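Student: I've got a model to go through and some questions about it. Can we take it piece by piece?

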Amino acid sequence: MSTLPLHPAIVHVPLGLAMVVPLVAAGLALALWRGALPRRAFAVVVALQAVLVGGGALAMQLGERDEKQAETVISEKLIEAHEERAEVFVWAAGAVLAVSAAVLVVPAAAATAVAAVVVAGTLGVAALAVSAGQAGGELVYRHGAASAYLPRGAPAEAIPAVGAARVHREAEHDDEDR
């Protein structure tokens with residue numbers, strides 16, 4: 001069994017979908033508005049949003065599992081900042097999921113307006129995904145979280161990103177000393 005964390009592998013599913021769903025939602029909302037597709041076509045957005053929410057929830061669960069190991073090399077405060085951003089992202093995605101499902105059941109006259117709200121919501125979720133992803137990336141590339149998974153005695157430079165993080169931290173300390 002691998003000792004590497006699963007969180008980094010799984011987290012890319014919801015983050016990637018958060019970038020794609022606004023495009024799909026906008027295209028389907030436009031087609032719905034023009035009458036080019038039936039309302040049930042919006043089920044594609046509902047399905048993608050459901051995978052996004054499920055993947056986000058799984059990534060959060062895996063991140064919590066990996067948290068103790070990461071805390072051996074970086075502060076709990078930094079991890080919690082990332083965790084809070086991820087929670088907001090997943091909860092917002094869940095809310096957009098509910099609204100996207102509403103497109104399928106509201107009266108036909110209201111479906112286009114609700115679809116427009118979904119498009120706006122997916123853009124907001126995309127922005128939240130960038131925020132959560134940036135915080136996670138900083139844990140790895142700036143603060144060296146990946147070094148928590150190095151074999152005992154292995155130099156941090158064995159992982160290029162971790163070595164770069166160490167160089168970056170050392171440069172920051174040099175700047176502070178001046």
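**Helices, burial and empty space**

Student: Let's start with S100: is it buried or exposed, and what is its relative accessible area?
Tutor: Keep in mind that this is a predicted model. S100 sits in helix α4. Buried means under 20% relative accessible area, and S100 falls in that class because its value is 0%.

Student: How far is S100 from V44, C-alpha to C-alpha?
Tutor: Along the chain, S100 and V44 are 56 residues apart. In space, their C-alpha atoms are separated by 9.8 Å.

Student: Okay, zooming out: what pattern does the protein chain follow?
Tutor: Count the elements and you get 6 helices and 0 strands. Reading along the sequence then gives α-α-α-α-α-α.

Student: And what share of the residues is buried?
Tutor: The cut-off is under 20% relative accessible area. The protein chain has 178 residues, and the buried share comes to 35%.

Student: How far apart are the end C-alpha atoms of helix α5?
Tutor: Helix α5 covers residues 108-142, which is 35 residues. At 1.5 Å a residue, α5 should span 51 Å. The model agrees with that, since the end C-alpha atoms are apart by 50 Å.

Student: What phi does G144 take, just after α5?
Tutor: G144 belongs to the loop between α5 and α6, the latter being residues 160-177. The sign of its phi is positive, and the value is about 75°.

Student: Is G144 buried or exposed?
Tutor: Look at V73 first: it is 71 residues away from G144 in sequence, yet the two C-alpha atoms are 7.4 Å apart. The relative accessible area of G144 is 1%. The cut-off is under 20%, so G144 counts as buried.

Student: Which two side chains meet in a salt bridge?
Tutor: The structure holds 1 salt bridge. Its N to O distance is 3.6 Å, and the cut-off is within 4 Å. The two partners are R65 and D66.

Student: Which of those partners is buried?
Tutor: R65 has a relative accessible area of 49%, so R65 is partly exposed. D66 has 10%, which is under the 20% limit. The buried partner is therefore D66.

Student: Now the largest pocket: which helix gives the most to its lining?
Tutor: The pocket holds about 860 Å³ of space, and its lining has 32 residues, with H7, P8, H82, G136 and V140 nearest the centre. At least two lining residues come from each of α1 (7-10), α2, α3 (43-70), α4 (76-102) and α5. With 8 residues, the top contributor is α3.

Student: What about closed space, and what volume does the largest cavity have?
Tutor: Counting cavities of 30 Å³ or more gives 1. Its lining is made by L28, A31, L32, L37, P38, R39, A41 and F42. The volume of the largest cavity is about 30 Å³.

Student: Which residues make the nonpolar surface patch?
Tutor: Take V20, which lies in helix α2 (residues 12-34). V20 is partly exposed at 39%, and patch residues need over 30% relative accessible area, so V20 can take part. The patch covers about 230 Å² and is made by M19, V20 and V130.

Student: One more from α2: how far apart are the C-alpha atoms of L30 and A116?
Tutor: L30 lies in helix α2 and is partly exposed, with a relative accessible area of 37%. A116 is 86 residues away from L30 along the chain. Between their C-alpha atoms, the separation is 8.7 Å.

Methods. Residues are numbered from 1 along each chain as its sequence is written. This is a predicted model: local features need pLDDT of at least 70, side-chain atom pairs count only at pLDDT 80 or more; totals for chains, interfaces and linings use all residues. Side-chain values use heavy atoms; hydrogens and water are left out. Patches are made of residues with over 30% relative accessible area and no salt bridge: like charges are joined within 9 Å, nonpolar side chains (Val, Leu, Ile, Met, Phe, Trp, Tyr) within 5 Å. Accessible areas come from the Shrake-Rupley method with a 1.4 Å probe; for residues, only the protein chains shown count as cover. Helices (H or I, at least four residues) and strands (E, at least two) are DSSP runs, numbered from the N terminus. Buried means under 20% relative accessible area, exposed over 50%, partly exposed in between (1.4 Å probe, protein chains only). The expected span of a helix is 1.5 Å times one less than its number of residues. On a 1 Å grid over the protein atoms alone, a cavity is a set of points where a 1.4 Å probe fits but cannot get out, and a pocket is an open set with protein on both sides within 12 Å along at least five of seven lines; lining residues have an atom within 4 Å of a point. Grid points are joined across faces, edges and corners, and a volume is the space filled by probe spheres set on the points.
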